[in-house]
Amino acid sequence: MGSSARALLIFLASVVVTVAPAAAQQCRDDTVWLRGDWGTARFHVDVADSAEERSRGLMFVEKMPATAGMLFVYGHASQTAFWMKNTLIPLDMIFADDKGQVVKVHSNAVPHDETPIPSGSPAQYVLEINGGLARQLGIDVGSEMMHPAIRGAAWPCE
């Protein structure tokens, strides 16, 4: 096995957790969990829940750890769109409805691109992570998100 393949396996082992009940015990404001047929994943996040925080997002971030991201929280589910103006790194955008169920995954958004990236369906939560990670982990439509901000969640905090 080559060094890059070994590095990928080490990275995936650090992100993917196979015991979902442990996730419920660690429900925190700075952590988002995702689960699906593919397993579970945990990301350390900054939460953008005000208009000012959402408008800045991950602009000007030059590098982000593989297990990090930003969770955008809106007051209610609606059609939304993001763009990559002043964003320096490729991102995956994971759009989730009011129950935290993933309705769309946009992979590898291009830095500085001002083309709108729409949610497609009403979304109340958007998780941005490093570009390509959603595909590597298997995160797709139907996956579930857990975070204290998600009220009436399909996968609630306990």
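**A ring cluster and its surroundings**

Ring pairs link Phe 72, Phe 82 and Phe 95 into a cluster. Rings of Phe, Tyr and Trp (for Trp, the six-membered ring) are taken to pair if their centres lie within 6.5 Å, with planes under 30 degrees apart called stacked, over 60 edge-to-face and the rest tilted. The model is a predicted one, so local features need pLDDT of at least 70 and side-chain atom pairs count only at pLDDT 80 or more, while totals for chains, interfaces and linings use all residues. Residues are numbered from 1 along each chain as its sequence is written, and side-chain values use heavy atoms, with hydrogens and water left out.

First, the overall layout. The chain has four helices and 10 strands, where helices (H or I, at least four residues) and strands (E, at least two) are DSSP runs numbered from the N terminus. Along the sequence they come in the pattern α-β-α-β-β-α-β-β-β-β-β-β-α-β. Of the 158 residues, 41% count as buried; buried here means under 20% relative accessible area, exposed means over 50%, and partly exposed is in between (1.4 Å probe, protein chains only). About 8,000 Å² of the chain is exposed, and carbon and sulfur atoms supply 52% of that. These areas come from the Shrake-Rupley method with a 1.4 Å probe, and for residues only the protein chains shown count as cover. As for contacts (heavy atoms within 4.5 Å), residues 24 or more positions apart account for 70% of those with a separation of 6 or more.

Back to the rings. The structure holds two aromatic pairs. In one of them, Phe 72 and Phe 82 sit edge-to-face, 4.9 Å centre to centre and with 85° between the planes. Phe 72 belongs to strand β4 (residues 68-78) and Phe 82 to strand β5 (residues 81-82), so this pair ties together parts that are 10 residues apart in sequence. Both rings are on buried residues: Phe 72 has a relative accessibility of 2%, and Phe 82 has a relative accessible area of 8%. Phe 82 also pairs edge-to-face with Phe 95, at 5.9 Å centre to centre and 85° between the planes. That pair links Phe 82 in strand β5 with Phe 95 in strand β6 (residues 91-96), 13 residues apart. Phe 95 is buried too, with a relative accessible area of 0%.

Two of these phenylalanines turn up again around Glu 128, a residue of strand β9 (residues 123-130). Leaving aside residues up to four places away in sequence, Glu 128 touches Phe 72 and Phe 82, and its contacts also include Leu 58, Met 64, Met 70, Leu 91 and Met 93. Glu 128 is buried yet has no salt bridge, and the nearest side chain of opposite charge, Arg 54, is 11 Å away. For charge, Lys and Arg count as positive and Asp and Glu as negative, with His and the chain ends not counted.

Salt bridges do occur elsewhere. With a side-chain nitrogen of Lys or Arg required within 4 Å of a carboxyl oxygen of Asp or Glu, the count comes to two. Asp 30 bridges to Arg 28, with the closest N and O atoms 2.6 Å apart; Arg 28 is partly exposed at 45% relative accessibility. Arg 35 bridges to Glu 144, where the closest N and O atoms are 2.6 Å apart. Since Arg 35 lies in strand β2 and Glu 144 in strand β10, that pair ties together parts that are 109 residues apart in sequence. Arg 35 is partly exposed, at 26% relative accessibility, whereas Glu 144 is buried, with a relative accessible area of 15%.

Strand β10 also holds Met 145, which is buried at 0% relative accessibility. Not counting residues up to four places away in sequence, Met 145 touches, among others, Val 32, Trp 33, Leu 34, Tyr 125, Leu 127 and Trp 155. Gly 100 is on that contact list as well; Met 145 and Gly 100 are 45 residues apart in sequence and 4.8 Å apart in space, C-alpha to C-alpha.

Finally, the covalent link. Taking a disulfide as a pair of cysteine sulfur atoms within 2.5 Å, the count comes to one. Cys 27 is joined to Cys 157, S to S 1.7 Å. Cys 27 sits in the loop between α2 (20-25) and β2 (31-36), and Cys 157 in the segment after β10 (144-146), 130 residues apart. Both cysteines are partly exposed, Cys 27 at 22% relative accessibility and Cys 157 at 30%.
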